[in-house]
Amino acid sequence: MDEFLICLDPVTARFYDRIARSVQRTTEEVLQDALFKLAGELSLESLARTREPRS
């Protein structure tokens, strides 16, 4: 599996740390899930745009 390094500002890092603790998962797992969900949403938006009629 590929690994990526992302930099988060301290406030964002604390946000994801708190979420991870509240659901008893690692911060990495929470970030992974969040990025996966965002990728899916962006893919659906892109597909919807390509299917729109062009004028």
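The following exchange between a trainee and a mentor concerns a predicted model of a protein.

Trainee: How many helices and how many strands are there in the protein?

Mentor: One helix, H1, covers residues 10-22. Another, H2, covers 27-51. The count for the protein is therefore two helices and zero strands.

Trainee: Is the protein a compact globule or more spread out?

Mentor: For 55 residues, the globule rule gives 10 Å. The radius of gyration of the protein is 16 Å, well over that value. The C-alpha trace spans about 50 × 25 × 20 Å along its principal axes. Because its radius of gyration is well over the value from the rule, the protein is, relative to a compact globule, more spread out.

Trainee: What percentage of the residues count as buried, and what part of the accessible surface belongs to carbon and sulfur atoms?

Mentor: A residue counts as buried at under 20% relative accessible area. Of the 55 residues, 7% count as buried. The accessible surface comes to about 5400 Å², and the part that belongs to carbon and sulfur atoms is 57%.

Trainee: Which residues form the aromatic pair, and is the pair stacked or edge-to-face?

Mentor: A search of the whole structure finds one aromatic pair. Its rings lie 5.1 Å apart, centre to centre, with 80 degrees between the planes. Planes over 60 degrees apart count as edge-to-face, and so the arrangement falls in that class. The residues are Phe15 and Tyr16, and the pair is edge-to-face.

Trainee: Which class of exposure applies to Phe15, and which to Tyr16?

Mentor: Phe15, in helix H1, has a relative accessible area of 46%. This value lies between the cut-offs of 20% and 50%, so Phe15 is partly exposed. Tyr16 has a relative accessibility of 19%, which is under 20%, and therefore Tyr16 counts as buried.

Trainee: How far is Phe15 from Glu52, C-alpha to C-alpha?

Mentor: Along the chain, Phe15 and Glu52 are 37 residues apart. The separation of their C-alpha atoms is 37 Å.

Trainee: Which residue in the loop between H1 and H2 has a positive phi although it is not a glycine?

Mentor: Most residues other than glycine have a negative phi. In the loop between H1 and helix H2, one residue has a positive phi of about 55 degrees. At 75% relative accessibility, this residue counts as exposed. The residue is Gln24.

Trainee: Is Val11 buried or exposed, and what of Lys37?

Mentor: Val11 lies in helix H1, and Lys37 lies in helix H2. Val11 has a relative accessible area of 55%, and Lys37 has a relative accessibility of 55%. Because these values are over 50%, Val11 and Lys37 are exposed.

Trainee: How far apart in space are Lys37 and Thr12?

Mentor: In sequence, Lys37 and Thr12 are 25 residues apart. C-alpha to C-alpha, the distance is 17 Å.

Trainee: How do the residues that line the largest pocket divide into nonpolar, polar and charged?

Mentor: About 430 Å³ of space lies in this pocket. Its lining includes Met1, Phe4, Ile6, Leu8, Leu31 and Leu35. Also in the lining are Asp2, Glu3 and Glu28, together with Thr27 and Gln32. The division is six nonpolar, two polar and three charged.

How values were computed
Residues numbered from 1 in each chain as written. Predicted model: local features only at pLDDT ≥ 70, side-chain atom pairs only at ≥ 80, totals over all residues. Heavy atoms only, no water. 1 Å grid on protein atoms, 1.4 Å probe; cavity = no way out; pocket = protein on both sides within 12 Å on 5 of 7 lines; lining within 4 Å. Points joined across faces, edges and corners; volume = space filled by probe spheres on them. Nonpolar A, V, L, I, M, F, W, Y, C, P; charged D, E, K, R; others polar. Phe/Tyr/Trp six-rings, centres within 6.5 Å; stacked < 30°, edge-to-face > 60°. Buried < 20%, exposed > 50% of the residue type's maximum accessible area, 1.4 Å probe, protein only. Helix = DSSP H or I, 4+ residues; strand = E, 2+ residues; numbered from the N terminus. Rg over C-alpha atoms; globule rule 2.2 N^0.38 Å. Areas by Shrake-Rupley, 256 points an atom, 1.4 Å probe, with all protein chains shown as cover.
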